[in-house]
Amino acid sequence: MNPPLLAICFCVTHAQVLLSEPRQLQLRKLSNSSGQIQTSRDTMMKSLFFLLLVAVANAKRFQRCEWAHKLKDSGMDGYRDVSLADWVCLTKWESDYDTMKTHHNNDGSTDFGIFQINNRWWCNDKIMSFRNGCQINCKDLLSDDVTMAINCAKRVVTDPQGIAAWYGWRNHCQGRDLTPYLDGCGL
């Protein structure tokens with residue numbers, strides 16, 4: 001379990017204990033450094049909020065050129081005849097380069113991570129998984145370590161639809177000049 005998630009679990013567990021204590025203990029007063037008085041409950045809620053902010057701060061949103069270099073280093077340039085610019089464009093429109101992005105679709109399925117990999121066909125979220133073509137848990141796609149996401153995207157593009165499996169690519173990248181997606185990246 002990653003450290004921010006562990007810290008949140010610890011804080012939530014302690015918050016549940018504090019909030020379940022008898023009323024007289026919940027209202028135990030503490031003085032803070034400015035002399036103000038606050039309850040233990042308020043202190044716990046502020047701590048929980050802080051830890052949630054830390055976890056969100058751990059989410060990774062790549063910059064365009066940083067992402068292009070990561071893709072190139074991962075062998076995506078030309079993989080299955082898909083250009084690096086196509087991959088950068090696809091992920092711009094699917095997730096805005098955000099590793100923690102999820103999207104709930106009208107059909108009840110969910111897309112996960114920077115490539116927006118769908119749980120109906122490619123990963124298992126224990127809610128809706130018919131195929132699990134990448135043989136991974138969907139939550140593994142929500143990570144700053146994009147290795148699994150890249151490997152799964154490589155698997156998706158080997159299917160007959162290829163890169164056209166992604167609506168973001170079909171609607172915003174296909175048949176267009178994609179050179180601006182790599183401009184200034186030194187690639």
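A disulfide is here a pair of cysteine sulfur atoms within 2.5 Å. The exercises below apply this to a predicted model.

**Exercise 1.** Determine how the sulfur atoms of Cys89 and Cys173 are related, which hand the link has, and which parts of the chain are tied together.

*Solution.* Step one is the distance: the sulfur atoms of Cys89 and Cys173 are 1.9 Å apart, which falls within the 2.5 Å cut-off, and the two residues form a disulfide. Step two is the hand: the torsion about the S-S bond of Cys89 and Cys173 is about -95°, and the disulfide is therefore left-handed. Step three places the ends in the fold: because Cys89 belongs to helix α5 (residues 84-95) while Cys173 lies in the segment after α7, the pair ties together parts that are 84 residues apart in sequence. Step four concerns the surroundings, where Cys89 has a relative accessibility of 0% and counts as buried, and Cys173, with a relative accessible area of 1%, is buried as well.

**Exercise 2.** Find how many disulfides the whole structure holds, and describe the links of Cys65 and of Cys123.

*Solution.* A search of the whole structure gives 4 disulfides. One of them joins Cys65 to Cys185, with an S to S distance of 2.0 Å; its torsion of about -75° makes this disulfide left-handed. Since Cys65 sits in helix α4 (residues 64-73) and Cys185 in the segment after α7, this pair connects parts that are 120 residues apart in sequence, and Cys185 counts as buried at 6% relative accessibility. Another disulfide joins Cys123 to Cys138, again with 2.0 Å from S to S, but here the torsion is about 95°, so the disulfide is right-handed. Both Cys123 and Cys138 lie in the loop between β5 and α6, so this pair ties together parts that are 15 residues apart in sequence; Cys123 and Cys138 are both buried. When the bonded cysteines are numbered in sequence order, the pairing reads 1-8, 2-7, 3-5, 4-6.

**Exercise 3.** Classify the ring pair of Phe115 and Trp166, and state where its two members lie.

*Solution.* The structure holds 5 aromatic pairs. In the pair of Phe115 and Trp166 the centres are 6.4 Å apart and the planes meet at 45°; because planes under 30 degrees apart count as stacked and those over 60 as edge-to-face, with the rest tilted, the pair is tilted. Phe115 comes from the loop between β4 (110-112) and β5 (117-118), and Trp166 from the loop between α6 (147-157) and α7 (167-172), so that the pair links distant parts of the chain, 51 residues apart. Phe115 is buried with a relative accessible area of 0%, and Trp166 is buried with 5%. Together with Phe62, Trp67 and Trp87, these two residues form one aromatic cluster.

**Exercise 4.** Identify which lysines lie over the rings of Phe62 and Tyr79.

*Solution.* For Phe62, which belongs to the aromatic cluster, the charged end of Lys60 sits over the ring, 4.9 Å from its centre. For Tyr79, the residue over the face is Lys154, at 5.3 Å from the ring centre.

**Exercise 5.** Summarise the protein as a whole by its elements, burial and contacts.

*Solution.* The protein has 7 helices and 5 strands, which follow the pattern α-α-β-β-α-α-α-β-β-β-α-α along the sequence. Of the 187 residues, 38% are buried. Among contacts with a separation of 6 or more, 50% involve residues 24 or more positions apart.

Methods
Residues numbered from 1 in each chain as written. Predicted model: local features only at pLDDT ≥ 70, side-chain atom pairs only at ≥ 80, totals over all residues. Heavy atoms only, no water. Phe/Tyr/Trp six-rings, centres within 6.5 Å; stacked < 30°, edge-to-face > 60°. Helix = DSSP H or I, 4+ residues; strand = E, 2+ residues; numbered from the N terminus. Buried < 20%, exposed > 50% of the residue type's maximum accessible area, 1.4 Å probe, protein only. Lys NZ or Arg CZ within 6 Å of the ring centre and 35° of its normal. Contact = heavy atoms within 4.5 Å.
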